[in-house]
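Me: I'm new to this one. Could you walk me through how the labels get decided?

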Amino acid sequence: MNFLLFCLLCGLYGVFGKDHKGKSGIPDLDVKSELVLNVNQTLVLNCRGHRELSWTFPSGLSDAQVRVEQSRCGRKRGKHCSLLTVSSMQAQHTGPFHCRYHHQPENKTSVYVYVADSQQPFVEQEGMDTDVLYMKEKRPLVFPCRVTHPNVTAALVKNSDISVSPDQRNIIWNSTKGFTVRSPTFFYIAIFFCETSVNNVTYKSRSYLVHRPVSNIFDVKLNSSEHVKALKGQRLVLNCTATAELNSRANISWDYPGKTNAASSTYKRLVKHRTHILFYNILTIPSLRRSDRGLYKCSVSSGDKFMQRNVSVMVHDHPFIRLKPRRGSLIEVQAGQKSYRITPKIRAFPAPEVIWLKDGILAAEQCSRYRIEGNSLVIRDVAEEDAGKYTVLAQIKEHGLYRNLTLTLVVNVSPQIGEKAVSLQDPRSVRRGSRQTLHCTSHGVPPPHIQWLWHRCPSKVFFILSPCLCSQTVGVLTVVEASVSGVYRCVASNAAGTDQLDHHFYVSDVPGGFSVSQRGEPREGGNLHLTCAANKYLYTALSWRRVGDAEEARTRGSALRGQTGDFSDSLVLLMHNLTTGDSGKYRCSAQHLITGQETHLDTQVSVRGEEKEKVKYEVRGTRQECVTWAFGRA
């Protein structure tokens, strides 16, 4: 209910109050445009409004010249009227006359009155004291050489010989204001006056000296950082330095907790340079007390410019060292890290001397990778040998204070399998039914876990052969009877990472995985079988050819026959009805599936022809005869 009543009252005020203000916003003058009077004429202005009225007018009018008559007027005499009468008007009285509400001076109405005098065309005429005009950055510059008649025009003259004409863009002439320069430059830092001609007679205004106030503060610095620590009874000296523009005047003042302390003092000095000025204000407190701690403010002002710098001062009763680990006394870091910083929590005053030891020896003397930065020890290119006990010693010798803290650094190392470094890991064949032992030696920190995985050929899906062997550095896997080809994988892992090694295990019934054999005696008229056998998971593309022949072996009466077994493939070269012309070197070629290289095995075939063998027999009879038998080798 109260809210609705409030809204209703606000609405009524908006309706009636607005209407009332509209009717009496500003007073009403009987003159709507500018007036031009002659010298010694009388000015009469009548003003009407809804409230009590008052007048403002140019300076220089005496009380005897001005008369104001107040009255009530209008229908039912509900308005206020004011009659202004100014007698004997002179040229210097030219300017604006304002009628305003007495209790609301911002509500006013005006008329500009010219008092024409052919002998004095400028309100501020020659002979008056030079006026100083201040040229400010990004502000227009006004030369107030107003004239006594609206038709008078003037020129702006610099240093008595340079005339500046208005262009109505940057330099604007107005008879009620004078010359306005919208964007003044250094050109206008000089003495100016305005000039006009009336009836062939030249008149000048008063002179104007344009001054450019310099107040730029380039920088303010303190001789101390943002935080100053001191002991009770010590001397404190703070220097505040301001760098300012040439010809400027900077004022430097201090504000601090013990300002009422009579013992404190300040010393000021100024040093001029070719391009700037340095202002100094040095604050000195000869003997600090606990009450002197707090924020010290240096304030610098120059014209409308202001800058401030602060410093916090802490006063300690006595020297101290507080030393403790930042995140516990055990620190872990990864080997190979580019850098690691060991930083304990140290609070001390005055600043202590800090020494770092590794395993009881100065750290910086042990390794060039160790560097002390402030209170921290930085280790670059972290390695396993960096593990150990690090002791930080903090001491303030002049006050007999000593503290130490020992931290243990553990360097975690990712597992590394040693066999990878000494073995090329070429795939190899193992004899079928043989007993094989696979080794996997791993190193890491913490000690790695070793696990064996396996997949048969040609599948790629691994199966776990053994559970995780925790904290083992050597893993041994024994294959009791080699019967299945596959890949045995050793996986070593710890918190720092994982490493693995694959043992390619190809079971073969062929010696060495690739071999050549022959069946039959290579003799003339006989048959010969040359067999080339290779492990099926290591070799492919078996072929026979006679060395020296470009094409695959196709001799007279020969044929090729391929065979596939569980462990190997073979290609048989069948040679029938041999002749001595079949003698030569025969080559079996195969392509290695892993390396892609072609492998060869050669066998020499020497076909022997038929030989006649002589057999001597003795035949008893009437006479002796020699009988010779000829045999052919079957």
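**A sheet, its edges and a patch**

Reply: Sure. In this predicted model, four strands form an open sheet with mixed pairing, in the order E19-E25-E24-E21. From one strand to the next, the twist averages 25 degrees.

Me: What makes E19 and E21 edge strands?

Reply: Strand E19 (227-231) and strand E21 (251-255) each pair on one side only.

Me: How do you know that E24 and E25 pair?

Reply: Pairing takes at least two bridges. Strand E24 (residues 294-302) and strand E25 (residues 305-316) are joined by nine bridges, so they count as paired, and they run antiparallel. One of the partnerships puts serine 301 with phenylalanine 306 in E25.

Me: And what makes E21 a partner of E24?

Reply: The cut-off of at least two bridges again. Five bridges join E21 to E24, so they pair too, running antiparallel. Asparagine 251 stands opposite serine 301 in E24.

Me: Which residues of E21 are on the covered face, and which on the uncovered one?

Reply: Ile252 and Trp254 make the covered face, while Asn251, Ser253 and Asp255 make the uncovered one.

Me: Why is isoleucine 191 called partly exposed?

Reply: Buried means under 20% relative accessible area and exposed means over 50%, with partly exposed in between. Isoleucine 191 has 40% relative accessibility, so it counts as partly exposed. You'll find isoleucine 191 in strand E15 (residues 191-198).

Me: What makes Ile191 eligible for a nonpolar surface patch?

Reply: Patch residues need over 30% relative accessible area, and isoleucine 191 is at 40%. Together with Val132, Tyr134 and Leu209, Ile191 makes a nonpolar patch of about 350 Å².

Key. Residues numbered from 1 in each chain as written. Predicted model: local features only at pLDDT ≥ 70, side-chain atom pairs only at ≥ 80, totals over all residues. Heavy atoms only, no water. Helix = DSSP H or I, 4+ residues; strand = E, 2+ residues; numbered from the N terminus. Axes fitted to C-alpha atoms, helices over the stretch in contact; angles between N-to-C directions. Patch = residues over 30% accessible without salt bridge, like charges linked within 9 Å, V, L, I, M, F, W, Y side chains within 5 Å. Areas by Shrake-Rupley, 256 points an atom, 1.4 Å probe, with all protein chains shown as cover. Salt bridge = Lys/Arg side-chain N within 4 Å of Asp/Glu carboxyl O. Buried < 20%, exposed > 50% of the residue type's maximum accessible area, 1.4 Å probe, protein only.
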